[in-house]
Amino acid sequence: MHRDPDVEAILLLNVPFGQGSAEFRPLTPGQYREFAQWLYTRTLSPADLLGDERDRILSDWDHNVVLENARIKKPTREHIEHLLGRGFEMGLIMGDWESAGLWALTRADQDYPRHLRRRLGRNSPPVLFGCGEKGWLSQPTVAVVGSRDARPEDLEFCRNFGAHVSREGAVLVSGAAKGVDRKAMSGAIKAGGFAVGVMAEGLLRKSSSPKDRLWIQEGHLTLVSQFPPEARWRGHQAMIRNKLIYCLSDAALVVASADGSKLSKGKSGTWTGATENIRNKWVPLWVKRSHDDKSGNAALVRKGGQWLPEPFPALNELMALQTQGRPQEQFAVPFDEQYAPPEKVIDEKSTRAAHRLLPILKGEMSRKEIREAIELKSWSGINRRYVAPCLEQGWIEMTNPDVPRSPKQRFRLTQSGEKWLISKGM
């Protein structure tokens, strides 16, 4: 199967194919983040490593680079060259994975989830593996998380809430574990809706289970994982995947959690994931109401989560609600504004750029289409005067930000850009 050179290079650098070499393992997420950033600052893309300039590029890397994070071991030129030389092995093994119905998305793919790019930036997984309909990753989504050992009444609550999410036209996201996750997923699918299961292991075995396979074939379920298809479950991987559950969603609900502040470190995955989300302000966090002030649910509300109103409101009403406040305390900031990033200073140059560029952007536009719309011949001039300032302000985005020079690169408005246009009456 022919692959885009950028996609091919990212796969070679990040994915194990077969037994491989114990000395030259695929890059860790941290190693790839540093290496990709170095390429980006030199206006290079991963595809350049597959061309005639590889020797010069890797020579510069090997001799002239000090990593920003001293705790990350710098991969040597020999290490990177070994990984890039695995094209034959990649072809064989990727063919087997694709025959099993699995696919891989890299950050160079246009289908890569926009939520992950926006919320995690350089920390988003370089590669996502999946099985099922990719499109559900880009739809309005609500995450449901909770304990594997939830009470029967909590599991019934999950089933009803999953069905509610389905009727509201959103996709339900869960960790696909037994208990809360599976019950919410089942509720959404049995109501005719769709679900995304974020796995803490490889998909090769899990995607072949009879029940999941039927849901996948019917188009109701998509499974995704940042771990290679043959990877086995590990406890630390469950903690890592929690981040994806939140960052693939527009909002999240915790149904049942232990109070992790009273447990030894790492003993409550639900608590760890929820508090990480609160700390990073990825998405609004709702919590199933508990009348026990000593419960983990109540502790999460004290940390910054919000009680979920009952009966379930429409999702658009839920997202529009202002915070309900903590005991003895009331937030002054509306709910959605708590999670908005701080506004950047807008200078005169950015304002001029926006007036010229934003009104002409229709959907996703190529460099050629932008040149023709602005009626200037030089892309370098357009980029310097209009595109770069608007990218900096977050008013526009690239469809392929990891490969800025990609010939398939397109540009589109962000929600911030649309709001800017509305504010100017344009």
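Is phenylalanine 312 buried, exposed or partly exposed, and at what relative accessibility? In this predicted model, phenylalanine 312 has 24% relative accessibility and therefore counts as partly exposed. The cut-off for buried is under 20% and for exposed over 50%.

## The nine-stranded sheet

Nine strands form an open sheet. Their order is 1-2-6-5-4-3-7-8-9, and the pairing is mixed. Strand 1 and strand 9 (306-307) are the edge strands. Each of these pairs on one side only.

Helix 1 packs on this sheet and touches strand 1 and strand 2. The direction of helix 1 makes about 100 degrees with that of strand 1.

## Strand 2 and its neighbours

Strand 2 (127-131) is mostly covered, with five of its five residues buried. Val127, Phe129 and Cys131 point one way from the strand. Leu128 and Gly130 point the other way.

Strand 2 has antiparallel partners. Five bridges join strand 1 to strand 2. Leucine 102 has cysteine 131 as its bridge partner in strand 2. Three bridges join strand 2 to strand 6 (residues 221-225), again antiparallel. Here phenylalanine 129 stands opposite serine 225 in strand 6.

## Parallel pairings and crossovers

Strand 3 (residues 141-145) and strand 7 (residues 251-254) run parallel and are joined by four bridges. Valine 145 has valine 254 as its bridge partner in strand 7. Strand 3 also pairs with strand 4 in the parallel sense, over three bridges. Alanine 143 stands opposite valine 173 in strand 4. Between strand 3 and strand 4 the chain passes through helix 7 (residues 152-167), and this β-α-β crossover is right-handed.

Strand 4 (residues 171-174) places Val171 and Val173 on one side and Leu172 and Ser174 on the other, and all are buried. Strand 4 is joined to strand 5 (residues 195-198) by three bridges, and the two run parallel. Serine 174 stands opposite glycine 197 in strand 5. The chain goes from strand 4 through helix 8 (residues 180-190) to strand 5, in a β-α-β crossover that is right-handed.

## Helix 1

Where does helix 1 sit, and how many of its 10 residues are buried? Helix 1 (residues 5-14) has eight of 10 residues buried, so the rest of the structure largely encloses it. The buried residues are Asp6, Val7, Ala9, Ile10, Leu11, Leu12, Leu13 and Asn14. Their cover includes helix 2 (29-41), helix 4 (77-84) and helix 5 (87-99). Strand 1 (102-106) and strand 2 also belong to that cover.

Aspartate 4 caps the N-terminal end of helix 1. One of its side-chain oxygens lies 2.8 Å from the backbone nitrogen of aspartate 6.

## Aromatic pairs

The whole structure holds 11 aromatic pairs. One of them joins tryptophan 38 and tryptophan 61, with ring centres 5.3 Å apart. Their planes stand at 65 degrees, so the pair is edge-to-face; the cut-off is over 60. Tryptophan 38 lies in helix 2 and tryptophan 61 in helix 3 (residues 54-64), 23 residues apart. Both tryptophan 38 and tryptophan 61 are buried.

Phenylalanine 312 returns here, paired with phenylalanine 161. Their centres are 5.1 Å apart and their planes stand at 85 degrees, so this pair is also edge-to-face. The two rings come from distant parts of the chain, 151 residues apart. Phenylalanine 161 is in helix 7, and phenylalanine 312 is in the loop between strand 9 and helix 14 (315-320). Phenylalanine 161 has a relative accessible area of 3% and is buried, whereas phenylalanine 312 is partly exposed.

Ring pairs also link Phe17, Trp97 and Phe129 into a cluster. In this cluster, Phe129 is one of the buried residues of strand 2.

## The three-stranded sheet

Another open sheet has three strands, in the order 10-12-11, with antiparallel pairing. Its edge strands are strand 10 (365-366) and strand 11 (396-398), each paired on one side only. Three bridges connect strand 11 and strand 12 (residues 410-413) in the antiparallel sense. Glutamate 397 has arginine 412 as its bridge partner in strand 12.

Terms used
Residues numbered from 1 in each chain as written. Predicted model: local features only at pLDDT ≥ 70, side-chain atom pairs only at ≥ 80, totals over all residues. Heavy atoms only, no water. Pairing = 2+ DSSP bridges. Buried < 20%, exposed > 50% of the residue type's maximum accessible area, 1.4 Å probe, protein only. Contact = heavy atoms within 4.5 Å. Polar contact = N/O pair within 3.5 Å; in protein donor to acceptor, adjacent residues only side chain to side chain. Axes fitted to C-alpha atoms, helices over the stretch in contact; angles between N-to-C directions. Right-handed = clockwise from strand over helix to strand, strands pointing away. Phe/Tyr/Trp six-rings, centres within 6.5 Å; stacked < 30°, edge-to-face > 60°.
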